[in-house]
Amino acid sequence: MSRELHIVGFQVGRETYGVPITSLHEIVRVPEITAVPDAPDYLEGVINLRGKIVSVMDLRKRFGQKQVGLKKQNRILVVEHQGRLAGLIVDSASEVLKISADAVEAPPAAFQEGGLNCVTGLGKVAGRLVVLLDMSKLLAPGSLQAKSENGEKKAAPNGEKKAAAAR
């Protein structure tokens with residue numbers, strides 16, 4: 001009997017991502033977010049969730065995708081990591097997926113080289129791919145700082161292309 005992974009599926013842009021259901025605390029609508037000074041650009045700020053302060057990260061910004069204004073279907077996935085809550089703004093939360101462990105492949109080497117070492121694998125579900133994320137790598141403060149600095153250096157050539165295209 002093969003093991004099944006229980007994953008919460010959500011959309012960021014056109015892609016479907018997934019996190020283990022065990023790390024999910026709850027899914028909420030996007031409330032008013034209080035900005036925090038000197039935070040990385042992908043850290044939107046904090047929210048008060050029934051008396052608990054929860055930091056909120058915009059996954060579009062974190063993954064380097066173009067920004068779109070918040071819409072009605074945007075949600076915050078409140079996840080628990082090392083006893084602390086964190087919020088992830090996603091375009092929409094879709095479903096709970098059951099993926100057979102046999103249907104999960106290791107991420108290509110390009111993911112590690114590109115600084116996306118928060119990807120643990122790619123799950124195949126009903127003819128589509130679900131990018132599985134490692135919460136500890138996505139939310140670890142040390143890796144966030146390092147990735148932010150590396151991401152800015154790597155994003156420069158891309159930004160130059162956009163600037164050249166705009167001219």
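## Strands and sheet

Strand β10 (residues 119-125) and strand β11 (residues 128-133) run antiparallel, joined by six bridges. One partnership is easy to find: K124 bridges to L129 in β11. Keep in mind that this is a predicted model.

Both strands belong to an open sheet of six strands, in the order β8-β1-β2-β11-β10-β9. Its pairing is mixed. At the edges sit β8 (92-100) and β9 (104-105), each pairing on one side only. Strands of a sheet pair through backbone hydrogen bonds, either parallel or antiparallel.

## The nonpolar cores

In soluble globular proteins, nonpolar side chains tend to be buried together. Here the largest nonpolar core has 22 residues. F10, L59, F63, L88, L133 and L138 have the most contacts inside it. At least two core residues come from each of β1 (4-12), β2 (15-20), β6 (75-81), β7 (84-90), β10, β11 and α3 (135-139). Another core, of nine residues, lies apart from it. I47, L49, V54 and L85 are among its members.

Which residues does L133 contact, leaving aside its neighbours within four places in sequence? They are F10, Y17, G18, V19, P20, F63, C118, V119, T120 and L138.

## Rings

F10 and Y17 are both buried. Their rings form a stacked aromatic pair. The centres are 6.0 Å apart, with 25 degrees between the planes. Ring pairs link F10, Y17 and F63 into a cluster.

Y42 has a charged companion: R62 lies over the face of its ring, at 5.5 Å from the ring centre.

Key:
Residues are numbered from 1 along each chain as its sequence is written. This is a predicted model: local features need pLDDT of at least 70, side-chain atom pairs count only at pLDDT 80 or more; totals for chains, interfaces and linings use all residues. Side-chain values use heavy atoms; hydrogens and water are left out. Rings of Phe, Tyr and Trp (its six-membered ring) pair if their centres lie within 6.5 Å; planes under 30 degrees apart count as stacked, over 60 as edge-to-face and the rest as tilted. Buried means under 20% relative accessible area, exposed over 50%, partly exposed in between (1.4 Å probe, protein chains only). A charge sits over a ring if NZ of Lys or CZ of Arg is within 6 Å of the ring centre and within 35 degrees of the ring normal. Two strands pair if DSSP finds at least two bridges between them. Helices (H or I, at least four residues) and strands (E, at least two) are DSSP runs, numbered from the N terminus. A nonpolar core is a set of buried Ala, Val, Leu, Ile, Met, Phe, Trp, Tyr and Cys residues joined through side-chain atoms within 4.5 Å. Contact means heavy atoms within 4.5 Å.
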